[in-house]
Amino acid sequence: MVDSQVVWVCLDSMKDFSVLHSGEWYLPTNKEIMEYQLKCLEKLYEFNLTRPVEQEKRAKMLKEMFASIGENCYIEPPFHTNFGGHHIHFGNNVYCNFNVTMVDDTFIYIGDYTQIGPNVTIATAKHPIDPELRKQGYQSNAPVRIGKNCWLGSGAIILPGVTIGDNVVIGAGSVVTKDIPSNVVAVGNPCRVIKEIK
């Protein structure tokens, strides 16, 4: 039985892809979405093939790939995203270490001076708990917001819809399922605040 609150979206004539950012259930296998996604992923593929000495080329490519990106941002390849960074917003001086994954089916916002450790995953895509909907391939998306001057430790996982405040440290391997306030250290699975930063 399908929940009456589920909003069904017809993508046959959709051109602006706003459904990706609506929070509604949709089919990501829609032909137009897939064509759009593949174009974004081509640029990401090229970025991941750049040589270590091609720093200026990498910086230029990121400005073309991302929704917005500030100054002095650095991403160490390989970098993995669903839409090649097309829905990602970086502030200034953001750093990503090796093998970061950003499931950017909708928007990801990351503030100035935030550092992201290796193997961190930031996900925006959600799949239905209802097995019938899941079998049909539906998904919805919820944006992730990470504040300024944060540090996400190695292997941390940030789930869809989460907001993390400013000056936050997320411990290595943590799974962040709920919002985290500013100026704290938070660790664990599920991630919990263990101390304030004064």
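1. In this predicted model, strands β6 and β11 run parallel to one another and are paired over three bridges. Within that pairing, I108 stands opposite V144 of β11. Both strands belong to an open sheet of four strands, ordered β3-β6-β11-β14 and paired in the parallel sense. The edge positions are taken by β3 and β14 (163-164), each of which has a single partner strand, so one side of each lacks a neighbour in the sheet.

2. Turning to the interior, the largest nonpolar core comprises 36 residues, and those with the most contacts inside it are F90, M102, I122, I164 and I170. At least two residues each come from α1, α2, β3 (88-90), β5 (100-103), β6 (108-110), β11 (144-146) and β17 (184-187), and α2 gives the most, with three residues. With neighbours within four places in sequence left aside, F90 is in contact with F66, S68, I69, G70, C73, I75, C96, M102 and I110. A second core, separate from this one, has eight residues, among them L20, Y26, Y36 and C40.

3. Helix α1 covers residues 31-48, and its 18 residues should span 26 Å at 1.5 Å a residue, which agrees with the 26 Å between its end C-alpha atoms. Its buried residues are E32, I33, Y36, Q37, C40, L44 and F47; seen down the helix axis, these fall within an arc of 130°, so they line one face of α1. On the other side of the helix, K31, L38, K39, E42 and Y45 are exposed. The partners against which the buried residues of α1 pack are α2 (55-65), β1 (74-75) and β2 (79-81). At the N-terminal end of α1, N30 acts as the cap, with a side-chain oxygen 3.0 Å from the backbone nitrogen of E32.

4. S140 belongs to strand β10 (residues 140-141), and it counts as buried because its relative accessibility is 2%, where the cut-off for buried is under 20%. Apart from residues up to four places away in sequence, S140 touches G23, E24, W25, Y26, T124, A125 and K126; of these, Y26 is also listed in the second core.

5. P118 sits in the loop between β7 (115-116) and β8 (121-123), and at 23% relative accessibility P118 counts as partly exposed. Although P118 and S154 are 36 residues apart in sequence, their C-alpha atoms are 5.0 Å apart in space. Residues up to four places away in sequence not being counted, P118 touches N97, F98, S154 and G155.

6. Two cis peptide bonds should be noted when the backbone is inspected. The bond from P77 to P78 is cis, with omega near 0°, and P78 has its place in the loop between β1 and β2. The bond joining N189 and P190 is also cis, with omega about 0°, and P190 lies in the loop between β17 and β18 (192-196).

7. Positive phi values occur at two asparagines, N72 and N183. N72, which is not a glycine, has a phi of about 60°; this residue is found in the loop between α2 and β1 and is exposed, with a relative accessible area of 61%. For N183, likewise a residue other than glycine, phi is near 60°. N183 is placed in the loop between β16 (175-176) and β17 and is partly exposed, its relative accessible area being 33%.

Note on methods: Residues are numbered from 1 along each chain as its sequence is written. This is a predicted model: local features need pLDDT of at least 70, side-chain atom pairs count only at pLDDT 80 or more; totals for chains, interfaces and linings use all residues. Side-chain values use heavy atoms; hydrogens and water are left out. The expected span of a helix is 1.5 Å times one less than its number of residues. Buried means under 20% relative accessible area, exposed over 50%, partly exposed in between (1.4 Å probe, protein chains only). The arc is that of the directions from the helix axis to the C-beta atoms. Contact means heavy atoms within 4.5 Å. A polar contact is a pair of N or O atoms within 3.5 Å; within protein, one must be able to donate a hydrogen and the other to accept it, and residues adjacent in sequence count only if both atoms are side-chain atoms. A nonpolar core is a set of buried Ala, Val, Leu, Ile, Met, Phe, Trp, Tyr and Cys residues joined through side-chain atoms within 4.5 Å. Two strands pair if DSSP finds at least two bridges between them.
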